[in-house]
Amino acid sequence: MASSKRASDEAAEPLPERERDCLIVGGGPAGLTAAVYLARFRRDALVIDAGEPRAALIPTSRNCPGFPDGIRGPDLLRAMRAHADRFGVAVLDGTVTRLAIDETSRETRFLAAWRPQDGGAERRAAARTVLLATGVVDIEPRLVRLERAIREGYVRHCPICDGYEVIGRRIGVIGFGSGGVEEALFVRTYSADVTLLTLGEPMGLDDDSRRRLEAAGVGIVEEPIVEIEIDEGKISCLQTEQPQPDLGRGGAGCDRGDRDSPVATAQRLLNGLFGDEDGSIGGGGSGIRTHGTV
Ligand SMILES: Cc1cc2nc3c(=O)[nH]c(=O)nc-3n(C[C@H](O)[C@H](O)[C@H](O)COP(=O)(O)OP(=O)(O)OC[C@H]3O[C@@H](n4cnc5c(N)ncnc54)[C@H](O)[C@@H]3O)c2cc1C
């Protein structure tokens, strides 16, 4: 966000609506929770939300208190918006593009410019305080059809949220360096069948890391994974660029291609890592963890 407009430009802009006690930038779970609390403290809050919450990607959250059977991210967001609405908080769809302290005011006062999502003219808001609840942006793994894999729960972002969901399943942890090692070892507490994978970053494992992974029974595939194939409710195949030596964990093989060709060999060797033992995963998916979330 920048605040480099000249005073003449500012003067030409529409005046802000009434000054609020708090402007909440971002209407994901954090912003909406704050909205409910502030309203109940009888504060006048306004939420402006750009509409791209990470929470919308949650296939089903099962660690959200009050929802023992789980709740889908979009449903949780809808319920939280309704909750904020119940206490009279306006949640407006738009993007805050500029935020600045009003130098002309004796009291601390923030001025924001925001662009409504419906494409209308830029609007302004004024508030005594601002809460930035803009979330974070994932550094996504470079994989074909990633979004579908995330939405359907085959690729997961968070061992804290999802470790429990994949207990006893075959799990791949995409990671490298000491972070990848620690995450693979953490995930190992949920499953005896964990493999550390890379999408191209050198794994950079020192001897000690290799020893620890080996002692924990964590497999390592250093050849980059280039594609995930999803079929019949499971990750049916992980494709590498080059063939892999037999890892001793092979599944039934991909049902296409010449099994003796290098790619087919790689497919055969990696296939089966990420299904249930019986090859049927069910709704929860088997879960490749992604490393590198900020
Ligand atoms: C695939 C996936 C599965 C997950 N599963 C779980 C789970 O099971 N359990 C769990 O507890 N957590 C889970 N998480 C994490 C959870 O989604 C986040 O912890 C949560 O969404 C954080 O809430 P937030 O409000 O901080 O951010 P977000 O949900 O990201 O919301 C931030 C909002 O701010 C808006 N914004 C950003 N910039 C601006 C701007 N300039 N102006 C206006 N608005 C702006 C964004 O568009 C967005 O709508 C999961 C995340 C992912 C991606």
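User: Which residue takes a positive phi of about 80 degrees just after H3?

Analyst: Some background: this is a predicted model, where local features need pLDDT of at least 70, side-chain atom pairs count only at pLDDT 80 or more, and totals for chains, interfaces and linings use all residues. Residues are numbered from 1 along each chain as its sequence is written. Helices (H or I, at least four residues) and strands (E, at least two) are DSSP runs, numbered from the N terminus. Just after H3, the residue with that positive phi is Gly88.

User: How far apart are the end C-alpha atoms of H3?

Analyst: A helix's expected span is 1.5 Å times one less than its number of residues. H3 (residues 73-86) has 14 residues, so it should span 20 Å. The model agrees, with its end C-alpha atoms apart by 20 Å.

User: How many degrees of arc around the axis do the buried residues of H3 cover?

Analyst: Buried means 20 or more other C-beta atoms within 10 Å of a residue's own, exposed means 12 or fewer, and partly exposed is in between, with C-beta atoms placed from the backbone. In H3, the buried ones are Gly73, Leu76, Leu77, Met80 and Ala84. They sit on the same side of H3, because their arc (taken from the directions from the helix axis to the C-beta atoms) is only 100 degrees.

User: Which residues are exposed on the other side of H3?

Analyst: An α-helix has 3.6 residues a turn, so residues three or four places apart point the same way. Opposite the buried side of H3, the exposed residues are Arg78, Ala82 and Arg86.

User: What do the buried residues of H3 pack against?

Analyst: Contact here means C-beta atoms, placed from the backbone, within 7 Å. By that rule, the buried residues of H3 pack against helix H2 (29-40), S2 and strand S3 (90-101).

User: Is Leu46 buried or exposed?

Analyst: Leu46 is in strand S2 (residues 45-49). Leaving out residues up to four places away in sequence, it touches Arg20, Leu23, Ile24, Ala90 and Ala125. With 23 other C-beta atoms within 10 Å, Leu46 is buried.

User: In S5, which residue is the bridge partner of Ile24?

Analyst: Five strands form a closed barrel, S1-S2-S3-S4-S5, with mixed pairing; strands pair if DSSP finds at least two bridges between them. Strand S1 (residues 19-25) and strand S5 (residues 123-132) pair in the parallel sense over six bridges. In S5, Ile24's bridge partner is Leu131.

Definitions and conventions: Contact = placed C-beta atoms within 7 Å.
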